[in-house]
Amino acid sequence: MATPAADTPEGKTWFGHPPQLARLFTTEAMERFGFYGMRALLTLYLANYFLFSDETTNGLYGGFTALVYLTPLVGGLMADRYLGSKRSVKFGAVLMALGYFILCFEGGAAKPHATIEGTRYEVVVGSAADAKQQYVIDGARQLAIKGQDDGTIQLLAEDGSVARTIAKGGFVAGADRSEFYVLLMLIGLTFVTIGNGFFKPNISTMVGTLYAPGDRRRDAGFTIFYMGINLGSLFSQLLCPLLATTVGWWAGFGLAALGMLLSWYLIQFDHGTLHGVGEPPENAGPDRSLIIYAGALMAVPVMLFLFYNLMNTPQAEPGAGFIGYLVALPLMGKLLFGTFVLAVPAILAWSYKAGSRVEFQMMLAAMVLVVFNVVFFTLFEQAGSSLTLFADRNTDLSVFGLFSISAGQTQFFNAFFIVTLAPLFSMLWGALGRRGLEPSIPVKFAIALIGVGAGFLLLVWGTHNADSGFKVALWWLAGLYFVHSAAELCISPVGLSMITKLSIARVVGLMMGVWFLSISCAQYVAGLVAQVASVQTVGGQVTNLKVSLETYAGVFWTIGLTAAAIGVVLLALSPLIKKWMHGVQ
């Protein structure tokens, strides 16, 4: 463990924190620049370039982000046992940069078509002045597609008359897409997934080693570190979508790759700043790094298999029940839930056997909070899927009538509010802590859950003020992100710090992996929730904006109330959980 900065002979600090925090701050900021820049594009890339349906888009996005947070369980273990955190971070940075560069290779965009009552028809999307309108080519006629509230489809002639009405279920949208470029896209996502597993948990572990046990600066340090995450993502979520819109998708992904390369440079050439931080464990034995790196690359075809299985597994039949639903889950779903259900009790059983009574109770408190963390991130991570599609379809993206932003750029609101609010929260926790009034960790988690629910309820309120085109003013969506950002600051940096404080020292890397495993499960469930909000699309565009708005409002209302209720339950349980924490703040 690195010596805390306050105890070094020079006594140097960085804003009152160990000086090594500055290098880790900038390294993480640039890694997040790459990841969130790519994430801002991914859902729209799948829906508008590859023309996948909402179900496939949201499922694939949820599966990808789930794997992104699952692989840290293995990456944390490899660092704890063999590599050390620093080498793991370097290797992960290289893989992630390679993944973003692979995403830059794009072929021809998918071409839409429709099957109407068994007959296939070509579909075209309108000109730049009418880009939201889709047309069926029926011989010499070009018929506009208009979805109805009851699920039927009308095909309209040029004079606006109804040329044909198609019964619900009789219109099936599809697309012709290059299988090679779909494979290439999935390979890129696979490299990002594996690389993140080595990078993400271990740089957080390195931050934790900068503070001695009981150092009250730890929470504030993680909050500053978390601000670095969002400072990097703030600019990428503006610039990457801008380049994707004005230059091409490849340019947006290319900028993400450059950010990731800079992150690798910062950790690879640290000029001795991180000497002694994140080194391999003393009992690691012979160097196994090359074997571990080779094993990581051998996992690529396994990940590809999981992605294809996710995309091609049919959903459970209506009325199949809970057991039928579990059986019908893709392998990725079975893997995630199975791993989580087995890992939590297994680690607790080991803690009971290997640790003291106090250590076991502290690990038990950590695990309870990890479970509630799943609920929070299931809803919070709608940002990259259903909320991005909501922005694209049912949000007026003009800013004061002066200019407009793209749907992908709306994700920058979260990063902007985090950067703005993080210093205030850091000062708030510090001030309350000095007065003995700082809320306990369980109370902070409860506040976060209530807050994420309140954000969705605020947006539902905004849907009642939609304009005649069934679009909500941008500021309602910004309001949701403001509330969600404040909620996030009550759980994410606090959660990272909590894991390092409550975990038994020799498994802190593994516990950090379990923390990200909980987020992984949440990401997968978030994809399932987003699928509930799916609407009919043709050529990447919805056929009825009114139905789209009502669908999103109904789903957001349900999950908003559910989150708030679960937050109240956690608030009631917080005194018991605090007791198990034995004074950890």
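**A walk through the predicted model**

Glu-117 sits in the loop that links strand 1 and strand 2. Helices (H or I, at least four residues) and strands (E, at least two) are DSSP runs, numbered from the N terminus. This is a predicted model: local features need pLDDT of at least 70, side-chain atom pairs count only at pLDDT 80 or more, and totals for chains, interfaces and linings use all residues. Residues are numbered from 1 along each chain as its sequence is written, and side-chain values use heavy atoms, with hydrogens and water left out.

Start with the backbone at Glu-117. Its phi is near 50°, a positive value in a residue other than glycine. Most residues other than glycine have a negative phi. Glu-117 takes this phi in the hairpin of strand 1 and strand 2, which has two residues between the strands.

Now follow the strands themselves. Two strands pair if DSSP finds at least two bridges between them. Strand 1 (residues 111–116) and strand 2 (residues 119–125) are antiparallel and share four bridges. Strand 1 also runs antiparallel to strand 7 (residues 171–176), with six bridges joining them. Which residues stand opposite His-113? In strand 2 the residue is Glu-122. In strand 7 the residue opposite His-113 is Gly-174. In a regular strand the side chains alternate between the two faces of the sheet.

Leu-51 brings another positive phi, near 60°, again in a residue other than glycine. Leu-51 is in the loop between helix 1 (20–49) and helix 2. Leu-51 counts as buried because its relative accessibility is 12%. Buried means under 20% relative accessible area, exposed over 50%, and partly exposed in between (1.4 Å probe, protein chains only).

Helix 2 follows this loop. Helix 2 covers residues 54–70, 17 residues in total, and spans 24 Å from first C-alpha to last, close to the 24 Å expected at 1.5 Å a residue. The expected span is 1.5 Å times one less than the number of residues. Of the 17 residues in helix 2, 15 are buried, so the helix is mostly covered.

Next come the aromatic rings. A pair of aromatic rings is described by the distance of the centres and the angle of the planes. Rings of Phe, Tyr and Trp (its six-membered ring) pair if their centres lie within 6.5 Å; planes under 30 degrees apart count as stacked, over 60 as edge-to-face and the rest as tilted. By this rule there are 30 aromatic pairs. In one of them, Tyr-49 and Phe-50 meet edge-to-face, at 5.2 Å centre to centre and 85° between the planes. Tyr-49 and Phe-50 are both buried. Phe-50 and Phe-52 have ring centres 5.8 Å apart and planes at 25°, so this pair is stacked. Phe-50 counts as buried because its relative accessibility is 3%. Phe-52 is buried too, at 7%. Ring pairs link Tyr-45, Tyr-49, Phe-50, Phe-52, Trp-249 and Phe-253 into a cluster.

Move on to helix 5 (residues 179–208). Helix 5 has 30 residues and reaches 44 Å from its first C-alpha to its last, close to the 44 Å expected at 1.5 Å a residue. How much does helix 5 bend at Asn-196? The bend is about 35°. A bend is the angle between axes fitted to the seven residues ending at a residue and the seven starting there. Helix 5 is mostly covered, with 25 of its 30 residues buried.

Val-192 belongs to helix 5. Its relative accessible area is 0%, so Val-192 is buried. Contact means heavy atoms within 4.5 Å. Leaving aside neighbours within four places in sequence, the contacts of Val-192 include Phe-35, Phe-64, Leu-95 and Tyr-100. Val-192 and Gly-92 lie 100 residues apart in sequence, yet their C-alpha atoms are 8.4 Å apart.

Glu-438 lies in the loop between helix 14 (412–434) and helix 15 (441–463). Is Glu-438 buried or exposed? Glu-438 is buried, because its relative accessible area is 16%. Its side chain makes a polar contact of 2.6 Å with the side chain of Lys-444. A polar contact is a pair of N or O atoms within 3.5 Å; within protein, one must be able to donate a hydrogen and the other to accept it, and residues adjacent in sequence count only if both atoms are side-chain atoms. Beyond neighbours within four places in sequence, Glu-438 is in contact with residues including Arg-216, Asp-219 and Trp-429.

End at Ala-572, in helix 19 (residues 545–580). Ala-572 is exposed, because its relative accessible area is 61%. The C-alpha atoms of Ala-572 and Val-443 are separated by 9.0 Å, with their positions 129 residues apart along the chain.
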